[in-house]
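Subject: Structure handover

Hello,

Here is the structure for you to load. My notes come after it.

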Amino acid sequence: MSTLLRSALLIALGLPVAGIDAQKAPADSFALTAPLPNDPAVKIGTLPNGIRYYVRKNAKPEQRAELRLVVNAGSILEDADQLGVAHFVEHMAFNGTKSFAKNDIVKYLESIGVRFGADLNAYTSFDETVYILPVPTDSAGILEKSVRFLGDVASGVLFDSTEVVAERGVVLSEWRNGLGAGERLRDQQFPVIFRGSRYAERLPIGKPEILERLNPAPVKRFWRDWYRPELMAVIAVGDADPVKLEQLIRTTFGGIPRRTGRARTAATVPKHDSTLVSIATDKELPTSSVGVLWKRPGTVTRTVGDLRADLLDRLYNTMINQRFSELSLKPDAPFTGAGASSGGFVRGSEYVSLDAGAKEGQVIESLRALLTEAERVQRHGFLQGELDRARINTLRGYERAFTEREKTPSDAFVGEYIEHYLQGSAIPSIGFEYAAVQKLLPTITLAELNALAAGRSGAANRVVTVAVPEKAGLAVPTEADVRAVFGTVVAATIAPWVETVSDAALVPRAPTAGRVVREQKIAAHNITDWTLSNGIRVLVKPTDFNADQVLMSAFSPGGSSLVSDSDAFKTSLAPAIIAAGGVGAFSTIDLRKKLTGKVANASPSISDLSEGMSGAASPKDLETLLQLTYLRFTAPRADTMVFKAQRQQLEQFLKNKDANPSAVFSDTVQLTLSQGHPRARPLSLAMLQELEINDLLAIYRQRFGDAGDFTFFFVGNVDLAVLKPLVEQWLGSLPAAGRTETPRDVGPAQFTGTIDKVVRKGIAPQSQSVVLLAGRAPWTRDEAYALSSLGELLQMRLLDRLRESLGGTYSVNVSSAFSRRLRQEWQLAIAYGSAPEQADAMFAAVRDELATLRTTPPTAAELERIKEQQRREFELSLKQNGYWMNTMRQRVEHGDPLDSMGDTMTLINGLTVDKLAAAAKTYLTEQNRARFVLLPDAKP
C-alpha cells in the first residue's frame, strides 16, 4: 500500500498523521454540515459605502503585489442600446480619469516595469469586470499611485467624447480578431444552449453596429448604473505591509459616496424537459466535434459537505476520462479524443458534459461511444482499482499544494478571493483543506460515484451540439440521427469495463552503476559540475524557489541536421510517437497506472541542432524521474496500435487544414521564406503516408543510442547527497561509445531582397499582417541584447501609433532573434491585425515608424521605460527555476562560461539612447524585408 493511501486510511480510522497543521482543529470542524473556515491569513472588510476589500501579506514573488478591482457587473446587465458597452467601459478606464490623463496611467506603469497587456490588463465577462494590476512594492509612491488609479476606475473615469470615438476602432479591432469559424459556430450554438436566457444575446464583445456609432451617453450610463460601491471589491495581495494596504484602500475608496441605483438582478438559464439539438456547419471548421451537456443549478462550495461533493465530481471525471484516454489510443476509436468535464457555466448555472473530437464522417459513432461509456458506468460501475488510483492522485495533488504553501504566488490567492466576493465560495487555508480532503477521500465509495452517472443522463436540460465542416461529399447528421443514438445505446448490450494492472518493477533489473569521476564547483552560482564515467556531464543547481519541484533538461549536439532531408520531418515526429508507446514492458496505459501517486515525467525531443530530454519531479520522486529517463534511452517502446491511432489523429487535423485561413497563411509564409526547401515542408497527408513505426524507432535509437555526449541539468529543491548516487545509478549506466557529433548547416537560407505576398483566404472581414526584417551580422551578447531592446521599443511605438493614435488594431507583437550557431544572422518580426481595407495604411504607418527610429533617437523617457521593465522582469526571473535551467543550458550549448550567468543587469544598466539609436540604424533597414498579408477571399 502506498504511503499516501495508508495516510488517508489512518485518518479515516482516527489515527494521527504528522505534518498537517489543521489537525489541531476540533473534530467537528470536519462534519459535513460544518462551514469551511476562511483562511485567517486574509483580512476581509467592508467600507461604510459598501465596498468589500481583501488584504493579505504574501512573500511570493518578492517585492510585488497583485491589485484587483472587481466590479460585479458585466455584459448581462446591458440595455438593448448598450451591447458591448460593459467591455467598452473597461477600455475607457485606461483612456483618462480624474487623476490620469489619456494613457498617463499606462506610461506611468510602464515606467515602473509593468507592461501594458502582459501585466496591466482587465477583462469583461457576462457577469463581472475585473481590473488587473501587478505592481512593484519596493519603491516609494508606487502602491499609492496604483491604488489611486483603481479608485479612479471606481469613481472618476472621464469618458471624453474624443477618446470614446478614438477607442471605437480599438474595440472593433478586438471584435474583428475574434471572428472566424469558432465565432460563427458559437453564434449557432449559444441560442440553443442558452435558450430563453439573456446569456444568448449579451456576449461581452457586443455588436459591431452599436460599437461603430457609440457615443459617450450609453457608456456613461452603464458606468453610473453599475460601478457602484456596493457592487465592488478591492483585492491587494503581496509582499507589502498589510496594515498599510488596508489603510490605502480605506483612504482611497472610503470617500466614494454610496449611490442608489437599479437592482443587480441575476440572469438565469431556463430549464427544459426535452433534449435540445444544435447542428452547425462551417466551411472553415478544421474538424468535426460532438458534445452532450446537462445543465444544472449552480452550487457554491461553503461547507465540508460541499467540498466532499466537489471531490465526488472530480473523481468521477478523472476515472471516466482515463477510460476515454485509453480508448483514444485504439485505431478503431471513432474519435481523436474525448472527455468528461463539469463546472461553472455562467453565474448560477453549472454543467456536466461529454465531448469528443470526431473523426471525419463519424460524428454519430462518436456520440454513441460517449454515451456508451457513460451507460457502462451507470450499469456496471467503476472498478475498485480505478477509485484507488484516483484517490491517491487526488490526495497527492493536495499534498503538493500543502508542501508549496509558503511558495504560493500571490495571483493564486487573488482568483480565490474574486470567487468569494462574487459567489460566496469559501476560501479555506490549504492546511485545513488538505486535512479535510484526507478525512473525506476514504469515505467516498464506489456506490456513490456510480450513482453520479444517473445525473449525467436523461433528456431534461440536455443539449447536444454537433459541428461539422461544410465540405463536398461530407454528410451532415440530421437531428433525427442524433436523437436515435440515445435509444440505441439504452437498448445495447454493454459489457463491464475490464483492465489489467501490472505489479512488475518499472526497471526489472538495476543496471551496473557508473560513477562520478570528476567534480567541480561554480561557486558564484552554487552549481556542482559532475563528469560521469561514461562521459555524461551533469550540472546541478539547488534552489529554494519551489518546495516541490526539480526540473531536468538534457541535450546532445546533432539533432535532425544529421539525418537526410527526406527523413527530417520523420525525425521531428519520432520522439512524441515513440514516447507515446510507453517504455520497456509498460504501455502508455500501464505506465500511467504504474506511476499512480508519483510526480515524475521524462520526455524526449529532437530539434534541428540537438536531441534532448526534459522532465520534472517532486523531490521525493527523483529516482522515478531518473528511472524513466534511463528507460527513455535504453528501452523505447514502439506500439503499433498507438502509432496507427496517432497517425489517424494527424490525418484528421490535416484533412481540412487548408480550410483554415490562419493555417494557409502560416504555411504560405513558411514555404515562401524557405523557398521550398525540403526541410521546411508543412506536414501533409502525403507525408504521413511515408511514416513507418520501425523507421521512427530506428531514428530514435540512432539519436538516443549513445548518451556519452549528453549534458544533463538539474535545478530545484534537490539534495546533492541524494541525487549523486541516483545519477551514478541511472545516468552513469547509460550506453556510451564515445560518440562526438557536430550539427550541420542544412536548413534553408535566410531570405534576401523584398518579398510582398498577399494571401486571400477566409470569410471574415479581417486581415493579419506579418512584416519581417532580416540580415547577417557578427553575433555578440551586446548586439543581441541591443536588437532585443530595439524590438521592445518598436513594439511600444507601434502600439501607441497603430492602436492609440490610429485605432486600427488591438495589439502589436514585435519579436527578434539573433542566431550564432552555424550562422550569425538576425531577424525582426512585426505582427498585427487590422480591417482589410486598412492593411496598406497600417503598413505605411509601420514603415514610417521604422524610418523615424532610423533617423531620430528615442527619448530618455522611452529608454527608462524599457530598462525598468527589463529590470523588473529580470528580478522575477532570478527566483524561477526555469530561468536558471534555460540559462545554464544555453550557456553550455554555446560554450559560454557559467560563472557570468546573471549578468543581464549589467547589460540593462549599460543600455543608452545612443546604443538604441545605433541599433535602429543597423537593424531597421529594409534591405531584406518581407511583408505577408492575409485578406478575405475576393468577392466574385
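The notes below cover one pocket and then the salt bridges.

Please keep in mind that this is a predicted model.

Pocket

The pocket I looked at is the second largest, with a volume of about 1000 Å³. Its lining is made up of 38 residues, and those closest to the centre are Thr299, Val300, Thr301, Asp310 and Glu350. Five elements give two or more residues each to this lining: the strands β8 (288-297), β9 (335-346) and β10 (349-358), and the helices α10 (304-328) and α13 (410-423). The largest share comes from α10, which supplies seven residues. By residue class, the lining of the second largest pocket splits into 13 nonpolar, 13 polar and 12 charged residues.

Salt bridges

Side chains of opposite charge can pair when their charged atoms come close. In this model there are 74 salt bridges. Three pairs and one network are described here.

The first pair to look at is Arg865 with Glu110, where the closest N and O atoms are 2.3 Å apart. Arg865 sits in helix α27 (residues 860-877) and Glu110 in helix α3 (residues 104-111), so this salt bridge ties together parts that are 755 residues apart in sequence. Arg865 and Glu110 are both buried.

Another pair is Arg68 and Glu66, whose side chains meet in a salt bridge at 2.8 Å, N to O. What is the relative accessible area of Arg68? For Arg68 the value is 8%, and for Glu66 it is 13%. Both values are under 20%, so Arg68 and Glu66 count as buried.

The third pair, Glu875 and Arg872, lies within helix α27. The closest N and O atoms of this salt bridge are 3.3 Å apart. Glu875 and Arg872 are separated by about one helical turn because they are three residues apart in the helix. Is Arg872 buried or exposed? Arg872 is buried, at 6% relative accessibility, whereas Glu875 is partly exposed, with a relative accessible area of 28%.

Glu875 and Arg872 also belong to a network of salt bridges. The other residues linked in that network are Arg64, Asp138, Glu868 and Arg871.

Regards

Key
Residues are numbered from 1 along each chain as its sequence is written. This is a predicted model: local features need pLDDT of at least 70, side-chain atom pairs count only at pLDDT 80 or more; totals for chains, interfaces and linings use all residues. Side-chain values use heavy atoms; hydrogens and water are left out. On a 1 Å grid over the protein atoms alone, a cavity is a set of points where a 1.4 Å probe fits but cannot get out, and a pocket is an open set with protein on both sides within 12 Å along at least five of seven lines; lining residues have an atom within 4 Å of a point. Grid points are joined across faces, edges and corners, and a volume is the space filled by probe spheres set on the points. Helices (H or I, at least four residues) and strands (E, at least two) are DSSP runs, numbered from the N terminus. Ala, Val, Leu, Ile, Met, Phe, Trp, Tyr, Cys and Pro count as nonpolar, Asp, Glu, Lys and Arg as charged, and the others, Gly among them, as polar. A salt bridge is a side-chain nitrogen of Lys or Arg within 4 Å of a carboxyl oxygen of Asp or Glu. Buried means under 20% relative accessible area, exposed over 50%, partly exposed in between (1.4 Å probe, protein chains only).
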